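Student: Could you pick one part of this model and take me through it closely? I'd like the cut-offs spelled out as you go, and then how that part connects to the rest.

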Amino acid sequence: MFNKKNLTAAVVVSASAALAGCDQFFQDASDREVDITQMSPEELAEHLVLETDSYRMDQEVQEGGTGRERMQQDEVQALCSLEGSPDSETAGQVVAAARASYERPDGGVELGDWRRGAELARSGYGYRVGHNNDDHGTREPGANCYACHQMDPAETTYGTIGPSLANYGRERGTDESVLNYVHEVVSNPHQYFPCTYMPRFGRNFLTEEQISHVMAYLLDPDSPVNQ
């Protein structure tokens, strides 16, 4: 779930500050003495996160499993753990892996309720663990679309990491090819944009019903996105 590059950098910075003036030997969770000066930055980051009990890795997470299992990279995450953009060979491997794991909904792609999609697009709730875990039983997780995209042209606050999606449906329509493409991108954007920062919403993130609502907010002619 995490970008390994960012996680590594953050942990190494924290570790560097903590290590100033300290002994080079640390004890891991099994009381083994470990010489961290012999580790690369990546090895040190993984050691501190996974082997020192500094994080509650046995904590249950919302999608099932534990924090430690959440940290295990799948094929796409491992391929995209690199500096800069992927080369053509890596990009091809990422696209192939993403397409192999994609599943179109039974009965085809349909649009849901754009009003529900608007709520999901504005909500960044969900999947946080720590001292106060997000409770999905009382509040559903959101898609947090506005963190990266402009959608409703009247909305004044939005991120710019991703392209503007204002008037997306008005400019493209809602025929089958558009519905299929948008569902593929929302579900697993690596099929078209290898190693993108956009989450794979179809991978234990949003339900198919929630994805249909977000798609309706993006494509429905009555949605504020298309006014």
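Tutor: Let's fix one term before anything else: buried means under 20% relative accessible area, exposed means over 50%, and partly exposed is whatever falls in between, using a 1.4 Å probe and protein chains only. By that yardstick Cys-195 is buried, because its relative accessible area is 18%. Some ground rules: this is a predicted model, so local features need pLDDT of at least 70 and side-chain atom pairs count only at pLDDT 80 or more, while totals for chains, interfaces and linings use all residues. Numbering starts from 1 along each chain as its sequence is written, and side-chain values rest on heavy atoms, with hydrogens and water left out.

The part I'd pick is the loop between α8 (176-187) and α9 (208-219). Those element names come from DSSP runs numbered from the N terminus: helices are H or I with at least four residues, strands are E with at least two. Cys-195 sits in this loop, and so does His-190. His-190 counts as buried because its relative accessibility is 6%. The two residues meet through a polar contact (a pair of N or O atoms within 3.5 Å; within protein, one must be able to donate a hydrogen and the other to accept it, and residues adjacent in sequence count only if both atoms are side-chain atoms). Here the backbone nitrogen of Cys-195 is 3.0 Å from a polar atom of the His-190 side chain.

What else does His-190 touch, not counting residues up to four places away in sequence? Taking contact as heavy atoms within 4.5 Å, its partners are Val-76, Cys-80, Val-94, Val-95, Ala-98, Cys-195, Thr-196, Met-198 and Arg-200. Gln-191 is in the α8-α9 loop as well, and it is buried because its relative accessible area is 5%. Setting aside neighbours within four places, Gln-191 makes contact with Val-95, Ala-98, Arg-99, Tyr-102 and Glu-184. Val-95 and Ala-98 therefore appear in the contact lists of both His-190 and Gln-191.

Cys-195 has a backbone quirk too: its phi is near 65°, a positive value in a residue other than glycine. Why flag that? Because most residues other than glycine have a negative phi. Asn-167 does something along those lines, with a positive phi of about 65° although it is not a glycine. Asn-167 belongs to the loop between α6 and α7 (168-172), and is buried because its relative accessible area is 13%.

Further along the α8-α9 loop you reach Phe-205. Phe-205 touches Tyr-127, Pro-141, Gly-142, Pro-199, Arg-200 and Gln-210, leaving out residues up to four places away. The C-alpha atoms of Phe-205 and Gly-126 are 9.1 Å apart, though 79 residues separate them along the chain.

The loop leads into α9, so let's look there. His-213 is in α9, and with a relative accessible area of 7% it is buried. Its contacts beyond four places in sequence are Gly-112, Asp-113, Trp-114, Arg-116, Gly-117 and Leu-120. His-213 and Ala-121 lie 92 residues apart in sequence, yet 9.3 Å apart from C-alpha to C-alpha.

Several of those partners belong to α6, so what does the helix pair look like? The axes of α6 (residues 114-122) and α9 come within 7 Å and cross at roughly 100°. Axes here are lines fitted to C-alpha atoms, for helices over the stretch in contact, with angles from 0 to 180 degrees between N-to-C directions. Under 35 degrees counts as roughly parallel, over 145 as roughly antiparallel, 65 to 115 as roughly perpendicular, and the rest as oblique. So α6 and α9 are roughly perpendicular to each other. From α6, the residues involved include Trp-114, Gly-117 and Ala-121, meeting α9 residues that include His-213, Val-214 and Tyr-217.

For the wider setting, the protein chain has nine helices and two strands, and 41% of its 227 residues are buried. On confidence, pLDDT is the predictor's per-residue confidence from 0 to 100. The chain averages 88, with 86% of the residues scoring at least 70, but pLDDT stays under 50 over residues 1-22.
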